[in-house]
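Visitor: Could you walk me through this structure?
Guide: Gladly; let's look at it together.

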Amino acid sequence: MTSNSRRNFIRNTAVAGVGTSLMGPQVFTSPLPSSRAVKKIIVAGGGIAGLCAGYELMKRGHDVTVLEASGRHGGHVFTARDGLSDGLYGDYGAEHITRPGYERYWQYLNELGVEALPYPRRKNLLRQIDGKFYTEEMLSDRSVLTKMGFNLTEVDYLSKHPYWDLVSLYNKPYLDKFTDEYQPFGVGYDNMDNTPIADIYKKGGASAKALDLLGGANTSALFELWRSAILKLRGVSQFPVDVFRLKGGNQSLPTAFAKKLGDRVQLNCPIQSIQHDKAGVRVKFKWMGEPQELSADYLVNAIPPPAFRKIIVTPGFSPEKQFVLDNVQYDSYQRFVFQCSSKFWEKDKISINIEFDSPDLWSVWQSADEIDTHRVIVLGTGAGGITPQRAMAVFKENYPGATKPTVEQVVSKDWTKDGFAPTCERVHFPMGQLHKFWPEIMKPSGRIYFAGASTDNLNWGMEASTRSAYRAADEIDKA
Ligand SMILES: Cc1cc2nc3c(=O)[nH]c(=O)nc-3n(C[C@H](O)[C@H](O)[C@H](O)COP(=O)(O)OP(=O)(O)OC[C@H]3O[C@@H](n4cnc5c(N)ncnc54)[C@H](O)[C@@H]3O)c2cc1C
């Protein structure tokens with residue numbers, strides 16, 4: 001056994017929970033549990049996808065190094081504590097998970113002993129529509145719905161189904177044809193990639209009000225129906241209400257991966273260039289500003305395409321892969337963390353789960369409620385470029401109760417300005433181009449494999465990240 005494979009065997013058994021105290025000195029002389037050779041792998045990017053891929057490869061006995069550009073791991077899964085009192089925290093990035101729907105993610109929670117909590121952030125939503133606030137009861141009231149402009153069929157439907165489920169009235173007849181969530185093609189709708197989904201709603205008899213609510217004038221019907229079908233196949237509703245978050249913040253899972261990986265995760269290592277050929281990969285990066293190089297058998301790229309585009313890759317990718325890397329689109333926004341001195345909304349007997357129709361602050365809800373203090377955290381999402389003071393002013397102006405929000409301070413993370421992770425979630429592929437993106441987006445290219453939220457079927461970030469990371473690790477292990 002080489003010193004390299006011995007080191008990996010020790011790591012492997014440690015992960016499997018077989019300590020040296022049980023195994024005695026045999027540990028150091030036993031063969032690797034896997035019959036496959038140890039591979040050396042560089043993982044580019046220490047977000048949840050990179051950490052998960054690293055963890056999976058480490059479990060399989062491989063020699064892994066995760067190179068992360070910034071001074072922290074976790075990427076868009078980022079729990080902030082700085083500047084907050086009483087041990088409170090706020091998630092700057094990923095918010096919630098569902099069950100079902102996040103199967104791979106829950107598997108890691110169980111495996112690593114990370115606790116999830118129910119997160120009632122979508123219950124009793126108060127929606128501000130055209131300046132007026134509506135409760136869920138109001139949005140199932142026939143007279144309210146009629147006054148809003150919905151037609152009779154829609155009023156009938158919404159009086160029996162939640163407001164967010166209006167889309168099902170129009171897309172339900174199409175969904176059963178999809179039987180494999182990874183295969184949108186060949187079910188009879190291929191030509192619908194050039195049809196806007198709004199045309200399907202119109203064909204179904206949607207009112208102008210419904211079309212306004214559902215949108216879709218520029219979204220491919222095939223893409224949108226496939227997306228809804230994925231949710232149906234996973235047993236998830238179009239807008240899951242019973243969601244969960246992690247105790248202590250969503251960064252608990254990336255942190256658990258990183259803890260297992262130990263010094264295999266190297267921070268402050270921005271990758272500058274990647275060379276690859278049939279035999280392996282060579283990566284140039286900086287550490288503390290000093291140029292470094294590392295060679296390996298494989299590379300898992302877990303850096304989202306907009307940041308990955310800045311890295312020089314030689315030789316270049318195939319035109320098909322390059323098209324995907326150049327054209328995949330993301331949205332980006334800002335998270336506000338309001339620390340308040342009380343649950344002011346309870347006095348007003350209203351819900352703090354509010355959707356505003358302000359362009360600056362879009363929604364607010366409570367988080368971190370397991371922390372034992374009278375103070376509360378209210379999270380908000382809004383546009384990039386807005387100051388925290390402006391967000392607080394909008395919150396106070398638009399909040400519908402008589403008691404004004406007791407905001408003591410606000411901290412924020414404007415993802416649009418982040419140097420290494422400026423994007424948030426992948427958006428829909430352009431009309432008529434699904435075949436260019438799918439399945440190319442998740443295919444390896446020579447010795448470079450792709451993981452990350454953009455490289456799976458559904459843009460549900462943390463599940464897509466863990467699914468794609470598992471897939472990349474598994475494929476490399478079997479290669
Ligand atoms: C506000 C917000 C709300 C969200 N809500 C949810 C939600 O409710 N549920 C959900 O599942 N998902 C949600 N998401 C999405 C989810 O957070 C992301 O999809 C997921 O975290 C992406 O993980 P990743 O590992 O693919 O990429 P990233 O998190 O972007 O990680 C990539 C890493 O690569 C590093 N990097 C970049 N360039 C280089 C380089 N040159 N060299 C080395 N490293 C580099 C970056 O610093 C980063 O750490 C949300 C995201 C945001 C921002």
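Guide: A polar contact here is a pair of N or O atoms within 3.5 Å; within protein, one must be able to donate a hydrogen and the other to accept it, and residues adjacent in sequence count only if both atoms are side-chain atoms. This is a predicted model, where local features need pLDDT of at least 70, side-chain atom pairs count only at pLDDT 80 or more, and totals for chains, interfaces and linings use all residues. Residues are numbered from 1 along each chain as its sequence is written, and side-chain values use heavy atoms, with hydrogens and water left out.

Visitor: How far is a backbone N or O atom of I48 from an oxygen atom of the ligand?
Guide: Other oxygen contacts help set the scene: a side-chain N or O atom of Y102 is 2.7 Å from a ligand oxygen, and a polar backbone atom of A453 is 2.9 Å from one. For I48, the distance from its backbone N or O atom to a ligand oxygen is 3.3 Å.

Visitor: How much of the ligand's accessible area does the protein cover?
Guide: Accessible areas come from the Shrake-Rupley method with a 1.4 Å probe. Of the 1,000 Å² that the ligand has on its own, the protein covers 96%.

Visitor: Which helix gives the largest share of the shell around the ligand?
Guide: Helices are DSSP runs (H or I, at least four residues), numbered from the N terminus. Both α3 (48-59) and α17 supply at least two shell residues. The largest share, three residues, comes from α17.
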